[in-house]
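Trainee: Hi! Could you walk me through a protein structure today?
Mentor: Happy to, let's have it in front of us.
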Amino acid sequence: MRRSLKDYLVISLKGIAMGAADVVPGVSGGTIAFISGIYEELIATINILDLNFFKSWKKEGFRSAWKTYNLSFLLALFTGIAISILSLAKVIKWLLHNEPLLLWSFFFGLVLASILYIGKQITSWSPKVFISIIIAAIVSYFITIAEPIASPESLWYLVFCGFIAIIAMILPGVSGAFILLILGAYETFIGILNQLRDGLTSLDFEMLWQALYKLFFIGVGAITGLKLFSKVLNWMFNNHKNMTLALLTGFMIGSLNKIWPWKQVLSWRINSEGIKVPFIEKSISPSNFEGDPRIIWVLLFISIGFLLILILERLATKKEN
């Protein structure tokens, strides 16, 4: 397929939209790819990408191998994704520190709508399905109130988070950012992305090295998780789809406690930047919240997040039809 520079710029813009979705918990970059009409090409291109590229390069030349594996498409797309993730990370970090109520409200609406989206895909509501949802919701809830097994900036914890997050990314309807949020490592990951961007823009090689060092451990976990669980998850969806969807739905229901907007801080920790940040929190009612609960604004942003998922779902359904 011959493409002009304009075509690749459009693909990069679609990548920017996908990157924005990947940073926001509850929204899937795959959904954006499907809506924008590049999902099938993306999947097909990734599927053919293997070590035979180097054999083709040696036999037919680099240019021919590059064209055969459609790497111009991947380069344009992933450039857009990287630009979006690195630029949006700074915005989200600012919101986490300055407008946490509104940001968590938006995330809460996203996940609430995602629960409905996943639940609607269950085709048979047997007693086993209901029991699976309840058990998964209870387990997920207790995970959200448990004390973290390690600091979110511990290297081994980053490996674990990368391991779990990549599994979520290959599950329909669940975003990796959402799983990082549940594990308590979302803010840490956003901080690493900001550190990487600042290191690149300021040519601070020490800062750049620290970011790449942490991303390496996340990548180790991600690659390990992808290798170990991709076939297992495909088998589960092919043979026990309703049960799998039920477990996902229950997991997301229980996890709502983690992103409930109104929180009381039980203990604090000092992050890598020397800033005092919440470590353990519990959900409370708006009436018990210290300061202005901003109930109207919270409800507004919950509604915006909720409607965003419904609109994306409607567009995806329309595109499929």
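Mentor: We'll go through some helices, the core, the aromatic rings and the salt bridges, keeping in mind that this is a predicted model.

Trainee: Okay, let's start with a helix. How far apart are the end C-alpha atoms of H8?
Mentor: They are 28 Å apart. Helix H8 covers residues 127-145, and at 1.5 Å a residue its 19 residues should span 27 Å, which agrees.

Trainee: Nice. Which residues of H8 are buried?
Mentor: The buried ones are Val129, Ser132, Ile133, Ala136, Ala137, Ser140 and Thr144. They cover an arc of only 130° around the axis, so they sit on the same side of H8.

Trainee: And what's on the other side of H8?
Mentor: There you'll find Pro127, Lys128 and Ile134, which are exposed.

Trainee: What covers the buried residues of H8?
Mentor: The cover includes helix H13, residues 241-255.

Trainee: Let's try another helix. How many residues does H11 have?
Mentor: H11 has 17 residues. From its first C-alpha to its last it reaches 24 Å, close to the 24 Å expected at 1.5 Å a residue.

Trainee: Which residues are buried in H11?
Mentor: Quite a list: Tyr186, Thr188, Ile190, Gly191, Ile192, Leu193, Asn194, Gln195, Leu196, Arg197 and Gly199.

Trainee: Let me pick Asn194. Why does it count as buried?
Mentor: Because its relative accessible area is 2%, and buried means under 20%. Asn194 is found in helix H11, which runs over residues 186-202.

Trainee: What does Asn194 touch, leaving out residues up to four places away in sequence?
Mentor: Asn194 touches Leu86, Ala89, Lys90 and Lys93.

Trainee: And what happens just after H11?
Mentor: Leu203 takes a positive phi there, of about 55°.

Trainee: Switching topic: how many residues are in the largest nonpolar core?
Mentor: That core has 65 residues. Those with the most contacts inside it are Met18, Leu42, Phe73, Leu77, Ile92, Phe107 and Tyr186.

Trainee: Take Ile92, then. What is it in contact with?
Mentor: Setting aside its neighbours within four places in sequence, Ile92 is in contact with Val23, Leu103, Tyr186 and Ile190. You've met Tyr186 and Ile190 already, among the buried residues of H11.

Trainee: Now the rings. How many aromatic pairs does the structure hold?
Mentor: There are 18 aromatic pairs. In one of them, the rings of Phe53 and Trp57 have their centres 6.0 Å apart and their planes at 50°, so this pair is tilted.

Trainee: How do Phe53 and Trp57 sit along the helix?
Mentor: They are four residues apart in helix H4, which means about one helical turn separates them.

Trainee: Are those two buried or exposed?
Mentor: Phe53 is buried, with a relative accessible area of 9%. Trp57 counts as partly exposed, at 38% relative accessibility.

Trainee: What about Phe216 and Phe217, how are their rings arranged?
Mentor: That aromatic pair is edge-to-face, with 5.6 Å centre to centre and 85° between the planes. Phe216 is exposed at a relative accessible area of 52%, while Phe217 is buried at 17%.

Trainee: Back to Phe53 and Trp57: which residues form an aromatic cluster with them?
Mentor: Phe54, Phe62, Trp66 and Tyr69 join Phe53 and Trp57 in one aromatic cluster.

Trainee: Lys55 is in H4 too, right around there. Buried or exposed?
Mentor: Lys55 is exposed, with a relative accessible area of 60%. H4 covers residues 52-60.

Trainee: Last topic! How many salt bridges does the structure hold?
Mentor: It holds two salt bridges. In one, the side chains of Glu99 and Arg294 meet at 2.7 Å, N to O.

Trainee: Which parts does that pair tie together?
Mentor: Glu99 lies in the loop between helix H6 and helix H7, and Arg294 in the loop between strand S2 and helix H14, so the pair ties together parts that are 195 residues apart in sequence. Glu99 is partly exposed at a relative accessible area of 23%, and Arg294 is partly exposed at 26%.

Trainee: Which side chains meet in the other salt bridge?
Mentor: Those of Arg197 and Asp198, at 2.7 Å, N to O. Arg197 counts as buried at 14% relative accessibility, whereas Asp198 is partly exposed, with a relative accessible area of 29%.

Notes:
Residues numbered from 1 in each chain as written. Predicted model: local features only at pLDDT ≥ 70, side-chain atom pairs only at ≥ 80, totals over all residues. Heavy atoms only, no water. Helix = DSSP H or I, 4+ residues; strand = E, 2+ residues; numbered from the N terminus. Buried < 20%, exposed > 50% of the residue type's maximum accessible area, 1.4 Å probe, protein only. Contact = heavy atoms within 4.5 Å. Expected span 1.5 Å × (residues − 1). Arc of directions from axis to C-beta. Core = buried A, V, L, I, M, F, W, Y, C linked by side-chain atoms within 4.5 Å. Phe/Tyr/Trp six-rings, centres within 6.5 Å; stacked < 30°, edge-to-face > 60°. Salt bridge = Lys/Arg side-chain N within 4 Å of Asp/Glu carboxyl O.
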